[in-house]
Amino acid sequence: MNVVILENIRSAYNVGNIIRTADALGWKVWLTGYSPSPFDIPKVAKTSLGAQHHVDLKQFGFTKEAIDAAKALGLTVLAAEITPQAIPVNTYTNSWSGIAVVFGNEVDGVLEETLKQVDDVVFIPMNWIKESLNVGQSSAIVMWQLGLL
């Protein structure tokens with residue numbers, strides 16, 4: 001089982017995009033904090049194009065609750081973030097029974113307190129001047145890469 005945890009994602013369109021990607025790649029989606037739900041916000045439902053009815057979707061008040069639930073299921077919990085200790089996602093080789101990946105807010109990234117709770121941090125290596133991608137694009141790349149493990 002693989003889960004994407006969305007921490008305080010602001011954009012309804014990004015959440016809908018990630019739900020569609022999760023549906024395509026067979027991942028579950030857990031929303032935390034103020035990440036909008038497709039069952040409450042019409043823009044999320046519009047962007048997810050019905051995928052919200054096929055993806056296992058859960059809502060948690062706080063990211064810690066989602067991380068605790070993932071660990072209780074035996075999942076390895078990762079954060080997708082740029083930190084000095086982060087491992088390039090394309091070289092990440094640890095394979096357990098499943099993975100949960102936290103994606104953070106479009107402006108602030110994954111919260112510091114969340115980074116302290118995860119097992120590892122991964123990042124997408126960038127070739128030129130930009131250091132990051134939109135959270136929708138990033139989640140697609142990370143889900144695809146880690147789904148191959």
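1. Helices here are DSSP runs of H or I with at least four residues, numbered from the N terminus. By that reckoning glycine 74 comes just after H3 and takes a positive phi of about 85 degrees. Please keep in mind that this is a predicted model.

2. H3 covers residues 63-72. Its buried residues are Thr63, Ala66, Ile67 and Ala70. They lie on the same side of H3, because the arc they cover around the axis is only 100 degrees. The cover over these buried residues includes strands S1, S2, S3, S4 and S6, together with helix H4 (112-115).

3. A second positive phi sits at asparagine 8, at about 55 degrees, although asparagine 8 is not a glycine. Most residues other than glycine have a negative phi. Asparagine 8 belongs to the loop between S1 and H1. Is asparagine 8 buried or exposed? Its relative accessibility is 15%, and the cut-off for buried is under 20%, so asparagine 8 counts as buried.

4. H5 runs over residues 135-147, which makes 13 residues. At 1.5 Å a residue, H5 should span 18 Å. Its end C-alpha atoms are 17 Å apart, which agrees. At the N-terminal end, asparagine 134 acts as the cap of H5. A side-chain oxygen of asparagine 134 lies 2.6 Å from the backbone nitrogen of glycine 136.

5. Which residues of H5 are buried? They are Val135, Gly136, Ser138, Ser139, Val142, Met143 and Leu146. Their arc around the axis is only 155 degrees, so they fall on the same side of H5. Among the elements that cover them are strand S1 (2-7) and helix H1 (12-25). Strands S4 (76-80) and S6 (99-103) also take part in that cover.

6. H5 also matters for the pocket list. The largest pocket has a volume of about 400 Å³. Its lining counts 22 residues. Nearest the centre of this pocket lie Ala80, Glu81, Ser132, Leu133 and Ser138. Which element gives the most to the lining? H5 does, with 3 residues. Strand S7 (120-123) and H5 each supply at least two residues of the lining. Ser138 thus appears twice in this note: it is one of the buried residues of H5, and it is among the residues nearest the pocket centre.

7. Serine 37 is in the loop between strand S2 (28-32) and H2. With 8% relative accessibility, serine 37 counts as buried. Its side chain reaches the backbone nitrogen of phenylalanine 39 at 3.1 Å. Not counting residues up to four places away in sequence, serine 37 touches Leu31, Val44 and Gln59.

8. Aspartate 56 is also a loop residue, placed between helix H2 (42-48) and strand S3 (57-60). Its relative accessibility is 33%, so aspartate 56 counts as partly exposed. What does aspartate 56 contact, leaving aside neighbours within four places in sequence? The partners are Lys28 and Val29. With lysine 28 there is a side-chain polar contact of 3.3 Å.

9. One last distance concerns aspartate 56 and tryptophan 144. These two are 88 residues apart along the chain. Their C-alpha atoms are separated by 18 Å.

Methods:
Residues numbered from 1 in each chain as written. Predicted model: local features only at pLDDT ≥ 70, side-chain atom pairs only at ≥ 80, totals over all residues. Heavy atoms only, no water. Expected span 1.5 Å × (residues − 1). Buried < 20%, exposed > 50% of the residue type's maximum accessible area, 1.4 Å probe, protein only. Arc of directions from axis to C-beta. Contact = heavy atoms within 4.5 Å. Polar contact = N/O pair within 3.5 Å; in protein donor to acceptor, adjacent residues only side chain to side chain. 1 Å grid on protein atoms, 1.4 Å probe; cavity = no way out; pocket = protein on both sides within 12 Å on 5 of 7 lines; lining within 4 Å. Points joined across faces, edges and corners; volume = space filled by probe spheres on them.
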